[in-house]
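Let's walk through this one together, a question at a time. Have the sequence and the coordinates open as you read.

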Amino acid sequence: MGELRLMKGNEAFAEAVIRAGADGYFGYPITPQSEVIEYLMAEKPYERTGMVVLQAESELAAINMLYGGAGTGKKVVTSSSSPGISLMMEGISYMAGAELPCVLMNVQRGGPGLGTIQPSQSDYFQATKGGGHGDYRLLVLAPASVQEMSDFVPLAFDLAFKYRNPVMILSDGVIGQMMEKVELFDSIPRWTDEEVIEKNGDWATVGKRPGKERNIITSLDLDPYSMEKHNHDLFAKYQKMEEEEVRWEEINTEDAEYFIVAYGSASRISQKAIELARAEGIKVGLIRPITLYPYPYKVLQEKVEKGAKGFLTVELNMGQMIEDVKLAVKDNSKVEFFGHVGGVIPTPEEVVEALKTKIIGG
Amino acid sequence: MELTADKIKELVVKPENKVYTKTPLLTDKTLSYCPGCGHGVAHRILMELVEEMGLENDTIGIAPVGCSVLAYEFMNVDMQEAAHGRAPALATAIKRLWPNKFVFSYQGDGDLAAIGGNETLHTCNRGENITIIFINNGIYGMTGGQMAPTTIPGMRTSTSPYGRDVQMMGYPLKMTEIVAMLPGTYYVSRQAVYSAKHVRKAKKAIKKAIEAQLEGKGTSFVEIVSNCNSGWKMTPVKANQWLEENMLDYYHLGDIKVDGKLVKEIV
């Protein structure tokens, strides 16, 4: 068993970044995730593993530091919260276009605009449908516990390098700020420069290798036919993610007639709601998407085929993921939404009430 | 004797007649720059230095957005293409992750002084151990000749068609003097490439800048005052004359900071 600690989600993430063998963290403080860079600075990873930690002058600079670092084939990571992630969107689009691997953490807070520092899940569309300009997708993981704030870091790096694509961990202010027991994984050594060149030297700018073609990192192509092909190549990659990387969790679904669909902190609240509803004899289960892109459409479709009587999506927004649930369910079952926004957290009792009025009785 | 192309080649192209060869660190791609533009010369001296200093396999360069957006097509080393203005941020991470590589950014005035002003300031202020080559032609060349932060007072551009009115449009920004004031910069110089004499001096300055980085001294920064005959709507010859008579009055040539010390009064 790995080392056990009581940690905040943000701290567990920061510790996991060091242990995952990251080469560089570049970030800018913003509530509710500033503990990440504070923890990293206090831990001196430049002494522990040789990892670079730098407080950038803005999120704009931070994401472009990631672009530069990722372009050299090293493991780079940043974290921010909603307004800061918006500011990074230009760079994220460039990284998707140039096919650069990186890990992005968004500890969501309420918006729009400067919004609030309270938890939210209102960046779902931004994270899963593109966000920046151009046709692209991020691979999006949604942690629902402090444990997953740690566990998803090495997974995210693996996926980022497997697909040469940015991976976003879409968390929220609840998961980032709450403390839970976490079992830390054993440290993974950082790649040596030689290993970086061996693994990524065919595409990364590591200095022109003698006897080999030089490498160029760019998202620019002025020839429309070649640019169209690039877009098709990107979508072939996204198609592969859709076939191979869908992850989800089911709780109490074996005999369920009704389903709550929720991710992140909303899934934790919904888990309690299911206990309460089951105590009243309602056969309800939870489907928790772990990857928000690619989305587990097939899982929902299977429930419909087995006669599901209705789906309630619970989100800390005005109803964003419900669009994906509707894409899966179509008109073959009932789909309704319940949520709060602006930093207001739904209670399990409210969720049960919504299930009764909107799905069962509705 | 009829002088065909092949005959000329046979008569002229002999090793003993050779006085100059293009460095292999410039590709054979036709430059996308207008004939007469200073970019080609700046590319050449930079790549000649990378070759002469034996840095071919240890160089990572960064191209900006602007006329030199395609610099990676011409400079035959590992290159990254940055978002508009962000080249110094890329360079920061690359150098910190690969401290033994020679890392440079090559940026125009719109890229470095306008949209990327913040990245330029903070990168220089942190004293990142990188080299910034700054091409200042006082105009946005690629987008068709709009006003730049460096456009001099009275200069006509497509967005200052009656001349830059400093009361309405602000003053030209002397980024090079600004970064020279920051403790993070070690070598700061302003050069030009419009005559053979100036090309030689500019090459010496860029060499000093590269050496500063190899010695780990902090940020080295070389501005090259250049021309834009297309944007300025002049012949190349006239553009060079205009540069000498007008631009250099505002942008004085020479070293500004050497060995971490100001060597010129900043006005």
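Q: Which radius of gyration does chain A have, set against a compact globule with 362 residues?
A: Bear in mind that this is a predicted model. A compact globule with 362 residues would have a radius of gyration near 21 Å. The value for chain A agrees with that, so the answer is 21 Å.

Q: What does the C-alpha trace of chain A span along its principal axes?
A: Chain A holds 14 helices and 15 strands, and 52% of its 362 residues count as buried. Along the principal axes, its C-alpha trace spans about 70 × 50 × 40 Å.

Q: Among contacts in chain A with a separation of 6 or more, what share comes from residues 24 or more positions apart?
A: Take the contacts in chain A whose separation is 6 or more. Residues 24 or more positions apart account for 79%.

Q: Which helix of chain A gives the most to the side of domain 1 that touches domain 2?
A: Chain A is divided into domain 1 (3–194) and domain 2 (249–360), with C-alpha centres 27 Å apart. Across the boundary, 24 residues of domain 1 of chain A are in contact with 21 residues of domain 2 of chain A. On the domain 1 side, helix 6 (124–128), strand 6 (139–141), strand 7 (166–172) and helix 8 (173–177) of chain A each supply at least two residues. The one that gives the most, with four residues, is helix 6 of chain A.

Q: Where does the largest nonpolar core lie with respect to the domains of chain A?
A: This core has 182 residues, and A:Val103, A:Ile260 and B:Ile133 touch the most other members. Both domain 1 (3–194) and domain 2 (249–360) of chain A give residues to the core, so it lies between domain 1 and domain 2.

Q: Which residues does A:Ile260 touch, leaving out those up to four places away in sequence?
A: A:Ile260 is one of the residues that touch the most other members of the largest nonpolar core. Leaving out residues up to four places away in sequence, A:Ile260 touches A:Ser270, A:Ala273, A:Ile274, A:Val284, A:Leu286, A:Leu312, A:Val314, A:Val351 and A:Leu355.

Q: Which helix of chain B gives the most to the side that touches chain A?
A: The contact takes 32 residues from chain A and 29 residues from chain B. On the chain B side, strand 1 (59–63), strand 2 (78–81), helix 4 (87–97) and helix 6 (117–125) each supply at least two residues. With eight residues, the one that gives the most is helix 4 of chain B.

Q: In strand 8 of chain B, which residue is the bridge partner of B:Ile135?
A: B:Ile135 sits in strand 4 (residues 131–136) of chain B, pointing one way with B:Thr131 and B:Ile133, while B:Ile132, B:Phe134 and B:Asn136 point the other way, and all are buried. Strand 4 of chain B pairs in the parallel sense with strand 3 (residues 102–108) over five bridges, and there B:Ile135 is the bridge partner of B:Gly108. Strand 4 of chain B also pairs in the parallel sense with strand 8 over six bridges. In strand 8 of chain B, the partner is B:Ile224.

Q: Which residue in strand 9 of chain B stands opposite B:Ser189?
A: Strand 7 (residues 185–192) of chain B has eight of its eight residues buried, and with helix 9 (residues 196–214) and strand 8 of chain B it makes a right-handed β-α-β unit. Strand 7 and strand 8 (residues 219–225) of chain B pair in the parallel sense over seven bridges. Strand 7 and strand 9 (residues 254–258) of chain B pair in the antiparallel sense over three bridges. Opposite B:Ser189 in strand 9 of chain B stands B:Asp255.

Notes:
Residues numbered from 1 in each chain as written. Chains lettered and ligands numbered in written order. Predicted model: local features only at pLDDT ≥ 70, side-chain atom pairs only at ≥ 80, totals over all residues. Buried ≥ 20, exposed ≤ 12 C-beta atoms within 10 Å, placed from the backbone. Pairing = 2+ DSSP bridges. Right-handed = clockwise from strand over helix to strand, strands pointing away. Core = buried A, V, L, I, M, F, W, Y, C linked by C-beta atoms within 7 Å. Domains from an automatic or database assignment. Contact = placed C-beta atoms within 7 Å. Rg over C-alpha atoms; globule rule 2.2 N^0.38 Å.
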